[in-house]
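Visitor: Please take a close look at one part of this model for me. I would like the helix packing and the charged pairs around it.

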Amino acid sequence: MFNRFWGSQDQQQPQTRPQDGSSQTQSWYPPSVSAVSSPSSSRPATPNASSFALHSSSHVPPSEAAGVIAVLKDKSVDELRKLLSDKDAYHQFLHSLDQVKIQNNLKDELCKENMQLVEENLQKEPRIVELRNQCRIIRTTELAAAQEKLNELEKQKEEMLKLNSPSSLLQRIQEAMNVTEEESENLHQQLLDREIDLAGFLQKYKKLRTAYHRKSLIHLAAKTSNI
């Protein structure tokens with residue numbers, strides 16, 4: 001705040017000595033401030049509290065500027081002239097202002113909090129390293145085993161999907177129909193060869209043909225559906 005108020009204090013620019021030979025106070029302030037206290041005249045102007053505030057009145061809130069002027073107005077001309085020419089005196093006065101003290105206190109508190117955060121982070125460093133090592137072990141051992149198991153399950157899944165696909169189901173029904181048809185023909189041949197009596201033949205043949213026609217209807221329905 002106060003650096004704003006005074007402008008660029010660190011740039012020392014001595015004033016030009018007037019042509020009439022009169023001596024002026026050598027100020028280390030920029031010309032915009034020094035010109036207020038030393039107008040273009042053969043007679044040096046007397047420093048006053050208002051001249052310190054004119055340079056940056058558009059950048060400093062009025063309340064803050066009024067507070068600084070209130071502190072400066074009680075100082076003598078020699079004290080004000082010393083502030084203009086003596087950088088050490090200026091800095092001593094600057095750091096005695098309440099606004100600057102507040103800012104310095106806030107800065108110290110922030111620095112202290114940052115140091116606490118740094119210390120806490122450093123204390124957590126061993127734990128972070130340990131967790132990183134655990135993650136590396138898990139990635140190289142347990143993760144590899146889990147990945148292998150996952151690949152196996154994915155393969156089983158693909159096989160099951162392929163096995164239970166519509167085309168595969170139709171093929172299996174057709175194969176079951178063929179087996180039932182072959183069993184019916186074998187049973188009929190047994191009857192012709194007198195290897196089975198008529199009563200036994202009719203009972204078994206009826207079951208086989210019923211199963212065959214049931215499978216045939218299922219196969220026909222599956223083929224004509226949207227599957």
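Guide: What follows starts with one helix pair and then moves outward along the chain.

This is a predicted model, in which local features need pLDDT of at least 70, side-chain atom pairs count only at pLDDT 80 or more, and totals for chains, interfaces and linings use all residues. Residues are numbered from 1 along each chain as its sequence is written, and side-chain values use heavy atoms, with hydrogens and water left out.

The pair to look at is α9 and α10. Helix α9 covers residues 166-192 and helix α10 covers residues 198-224. Helices here are DSSP runs (H or I, at least four residues), numbered from the N terminus. The axes of α9 and α10 lie 9 Å apart, at an angle of about 160°. An axis is a line fitted to C-alpha atoms, for helices over the stretch in contact, and angles run from 0 to 180 degrees between N-to-C directions. So α9 and α10 are roughly antiparallel to each other. That term applies to angles over 145 degrees; under 35 counts as roughly parallel, 65 to 115 as roughly perpendicular and the rest as oblique.

The crossing of α9 and α10 is left-handed. By that is meant that the near helix is turned anticlockwise from the far one by less than a right angle; clockwise would be right-handed. The contact of α9 with α10 involves 14 nonpolar, six polar and six charged residues. Ala, Val, Leu, Ile, Met, Phe, Trp, Tyr, Cys and Pro count as nonpolar, Asp, Glu, Lys and Arg as charged, and the others, Gly among them, as polar.

Now look at Ser 184. Ser 184 sits in helix α9. With a relative accessible area of 3%, Ser 184 is buried. Buried means under 20% relative accessible area, exposed over 50%, and partly exposed in between (1.4 Å probe, protein chains only). Leaving out residues up to four places away in sequence, Ser 184 touches Tyr 205, Leu 208 and Arg 209. Touching, or contact, means heavy atoms within 4.5 Å.

Arg 209 has a charged partner too. Arg 209 forms a salt bridge with Glu 181, and their closest N and O atoms are 2.8 Å apart. Glu 181 belongs to helix α9 and Arg 209 to helix α10, so this pair ties together parts that are 28 residues apart in sequence. A salt bridge requires a side-chain nitrogen of Lys or Arg within 4 Å of a carboxyl oxygen of Asp or Glu. Side chains of opposite charge can pair when their charged atoms come close. Arg 209 is buried, at 17% relative accessibility. Glu 181 is partly exposed, at 25%.

Next comes the connection. Arg 194 lies in the loop between α9 and α10. Arg 194 is not a glycine, yet has a positive phi of about 60°. Its relative accessible area is 77%, so Arg 194 is exposed.

How many salt bridges does a search of the whole structure find? The search finds three. Besides the pair already described, Glu 130 and Arg 127 meet through their side chains, at 3.4 Å from N to O. These two residues are three apart in helix α7, so about one helical turn separates them. Glu 130 is partly exposed, at 38% relative accessibility, and Arg 127 is partly exposed, at 44%.

Asp 78 and Arg 81 also form a salt bridge, at 3.4 Å from N to O. They are three residues apart in helix α5, which means a separation of about one helical turn. Asp 78 is exposed, at 58% relative accessibility. Arg 81 is partly exposed, at 27%.

Helix α5 (residues 77-85) has its own packing partner. The axes of α5 and α6 come within 6 Å and cross at roughly 105°. Therefore α5 and α6 are roughly perpendicular to each other. Here Lys 82, Leu 83 and Ser 85 of α5 meet Lys 87, Ala 89, Tyr 90 and Phe 93 of α6. By class, that contact has four nonpolar, one polar and two charged residues.

After α6 (87-94) comes a loop leading to α7 (98-140), and His 95 is placed there. His 95 is partly exposed, at 42% relative accessibility. Setting aside neighbours within four places in sequence, His 95 is in contact with Val 100, Lys 101 and Asn 104.

Last is helix α8 (residues 142-163), whose axis comes within 3 Å of that of α7, crossing at roughly 30°. Ile 137, Ile 138, Arg 139 and Thr 140 in α7 meet Glu 142, Leu 143 and Ala 144 in α8.
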